[in-house]
Amino acid sequence: MPDAIATPAALPSAAPAEPAGMTLPDAPALAHDEVGLLAPLYPLPRLELVEGHGAWVRDAGGREYLDFTSGIAVNAFGHAPRGLAEALSAQLARLGHCSNLFAHEPGLSLARELAEATGYARVFFCNSGTEGLDAALKFTRAHALAKGLPGRGIVAFQGGFHGRTGFALSATYNPSYREPFEPLIPGVRFAPFNDGAALDQVLDADVCAVVVECVQGESGAVPATRDFLQALRARSTALGALLVLDEVQTGMGRTGRLLAQEHFGVRGDITVMSKALGAGLPIAAVLMTENVAATLSPGMHGCTFGGNPVCAAAARWSLAQVRRPAFLERVRRAARRLAAGLEQLAARHASVREVRGLGLLTAMDLVPGGVEPAALVTAARDAGLLLLRGGERAVRVLPPLTVSDDELVKGLERLDAALTVCEAVGLAGSSKGGGKS
Ligand code: PLP
């Protein structure tokens with residue numbers, strides 16, 4: 001690679017370059033039938049994946065796919081990136097785990113490198129996005145207590161997603177995720193996203209924190225506006241409330257900057273990173289200012305595994321990739337190509353209502369009553385392209401940050417073919433007068 005990015009060679013592709021007219025299996029290949037032993041929390045059938053390199057992944061039946069899900073924005077450097085396994089096995093052979101009762105070199109180095117790269121003063125390590133948000137929201141209440149703020153209210157936003165555990169779930173908007181588990185942690189109120197005028201009604205003296213995504217990922221790549229995030233920053237500061245930026249999905253270069261907040265000219269009091277940080281190993285970093293850290297004390301919070309030597313080594317490896325000269329410029333260039341390609345598809349396909357996103361966090365929003373997002377994901381899979389749903393009507397397109405021009409072209413061709421198939425099915429249905437089944 002000219003700019004020395006650790007991009008592995010693609011698997012020698014057995015997948016056809018031209019998806020139209022392919023003869024494909026109806027159902028994904030499963031080599032094992034134990035899937036019935038797993039708790040029924042994900043839709044079936046689940047494609048069984050066996051191995052991957054870069055943007056390519058192979059299923060148990062030997063079929064190859066372009067993976068534009070990136071393990072839900074985790075595999076920023078694709079599958080099995082060159083150098084990662086060596087870095088991890090060397091660390092595992094030396095010191096794999098020791099708990100946070102002890103300090104260790106990978107964790108301390110990672111803390112220093114994150115501070116240098118992001119400008120945040122301190123960090124708490126845990127294992128996942130939801131744990132990071134739980135910790136961040138606990139810290140905001142500890143801060144409120146220490147500073148004698150009058151209220152403990154937390155403002156979150158409609159469409160926001162922050163995770164599935166207690167505090168993070170309490171701040172997640174989608175009622176179907178929350179309602180089965182109520183009562184949740186009290187004190188969270190939801191405001192309309194990107195509506196600066198509505199802030200007057202929700203941001204009052206009872207509020208000790210605001211939590212927001214710079215781009216709402218699970219809702220289908222909906223970017224905040226600059227004015228909105230700046231208004232949130234200004235009003236939080238005026239109230240003495242903390243601004244928590246959830247960069248679990250947007251961080252680590254996904255939007256073409258190390259942190260998406262750089263696009264908006266705002267900084268949080270707390271920023272949470274996860275997903276791509278560990279390049280596939282579980283780690284989250286809760287970054288904070290000195291002001292926040294000063295209100296925490298030993299025993300207030302903790303985590304057995306958080307940032308253990310192996311996960312810290314993974315995060316050091318991935319941070320080093322993103323900080324290489326030209327890496328982010330290359331992501332921004334790929335993002336422009338992807339956006340242009342998706343806009344062309346939108347112009348040709350009546351079923352697409354909107355293309356949106358930031359950097360390589362993109363989505364196609366589908367016209368209501370037309371092609372169903374789940375049908376498009378299935379048709380794309382059958383055409384050799386893995387995509388993700390997002391929000392009500394969107395399909396997310398999340399290639400690895402190391403995606404090549406050729407892979408982008410192939411992915412767009414396959415998406416084009418999938419849209420054509422879905423629209424043809426819709427037309428066939430309506431010509432029979434029955435509409436879609
Ligand atoms: N916050 C955001 C913005 C996310 O997109 C996600 C997951 O998709 C989470 C938090 C939760 O992360 P995890 O699934 O690692 O718990």
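A residue counts as buried when its relative accessible area is under 20%. By that cut-off N308, at 12%, is buried, and so is T295, at 9%. Keep in mind that this is a predicted model. Below is a quick tour: the ligand and its shell, the strand β10, a small open sheet, the two buried loop residues, and a helix arginine that is partly exposed.

**The ligand and its shell**

- Twelve names are worth having to hand here: S128, G129, T130, F161, H162, G163, E213, E218, D246, V248, Q249 and K275 surround the ligand.
- Sorted by class, that shell comes out as six polar, four charged and two nonpolar residues.
- D246 puts a polar side-chain atom 2.7 Å from a nitrogen atom of the ligand.
- On the oxygen side of things, an N or O atom in the K275 side chain sits 3.0 Å from a ligand oxygen, and a polar side-chain atom of E218 lies 3.2 Å from an oxygen atom of the ligand.
- How much of the ligand does the protein bury? Taken alone the ligand exposes 390 Å², and the protein buries 82% of that.

**Strand β10 and its partners**

- D246 turns up again here, as one of the residues of β10, which spans 242-247.
- The strand is mostly covered, with six of its six residues buried.
- In a regular strand, side chains alternate between the two faces of the sheet.
- For β10, one side carries L242, V244 and D246 and the other carries L243, L245 and E247, and both faces are covered.
- One partner is β7 (residues 207-212), which runs parallel to β10 and is joined to it by four bridges.
- Within that pairing, V210 has L243 of β10 as its bridge partner.
- Another partner is β11 (residues 270-273), again parallel and again over four bridges.
- There, L245 stands opposite T271 of β11.

**The four-stranded open sheet**

- Elsewhere in the chain, four strands line up as β1-β2-β3-β15 in an open sheet with mixed pairing.
- β1 (49-53) and β15 (385-386) are the edge strands; each has a single partner, so one side of each is left without a neighbour in the sheet.
- β1 and β2 (residues 56-59) run antiparallel and are joined by four bridges, with L49 matched to D59 in β2.
- The β1-β2 hairpin has two residues between the strands, and G54 there takes a positive phi near 60°.
- β2 also runs antiparallel to β3 (residues 64-67), this time with three bridges; R58 has E64 of β3 as its bridge partner.
- The β2-β3 hairpin has four residues between its strands, and G62 in the turn shows a positive phi of about 90°.

**Two buried residues in the α10-α11 loop**

- T295 is placed in the loop between α10 (290-293) and α11 (309-322), and N308 lies in that loop too.
- What does the side chain of T295 reach? The backbone oxygen of V292, at 2.7 Å.
- Leaving out neighbours within four places in sequence, T295 is in contact with A142, H143, A146, K147 and M300.
- The N308 side chain, for its part, reaches the backbone nitrogen of V310 at 3.0 Å.
- Not counting residues up to four places away in sequence, N308 touches G96, H97 and H104.

**R332 in helix α12**

- Is R332 buried or partly exposed? Its relative accessible area is 22%, so R332 counts as partly exposed.
- The residue is found in α12, which covers residues 327-348.
- Its side chain makes a polar contact of 3.1 Å with the side chain of E329.
- Setting aside neighbours within four places in sequence, R332 is in contact with G256 and R257.
- As for R164, its C-alpha atom is 31 Å from that of R332, and the two residues are 168 apart along the chain.

Technical notes. Residues are numbered from 1 along each chain as its sequence is written. This is a predicted model: local features need pLDDT of at least 70, side-chain atom pairs count only at pLDDT 80 or more; totals for chains, interfaces and linings use all residues. Side-chain values use heavy atoms; hydrogens and water are left out. A residue is near a molecule or strand if one of its heavy atoms lies within 4 Å of it. A polar contact is a pair of N or O atoms within 3.5 Å; within protein, one must be able to donate a hydrogen and the other to accept it, and residues adjacent in sequence count only if both atoms are side-chain atoms. Accessible areas come from the Shrake-Rupley method with a 1.4 Å probe; for residues, only the protein chains shown count as cover. Ala, Val, Leu, Ile, Met, Phe, Trp, Tyr, Cys and Pro count as nonpolar, Asp, Glu, Lys and Arg as charged, and the others, Gly among them, as polar. Two strands pair if DSSP finds at least two bridges between them. Buried means under 20% relative accessible area, exposed over 50%, partly exposed in between (1.4 Å probe, protein chains only). Contact means heavy atoms within 4.5 Å.
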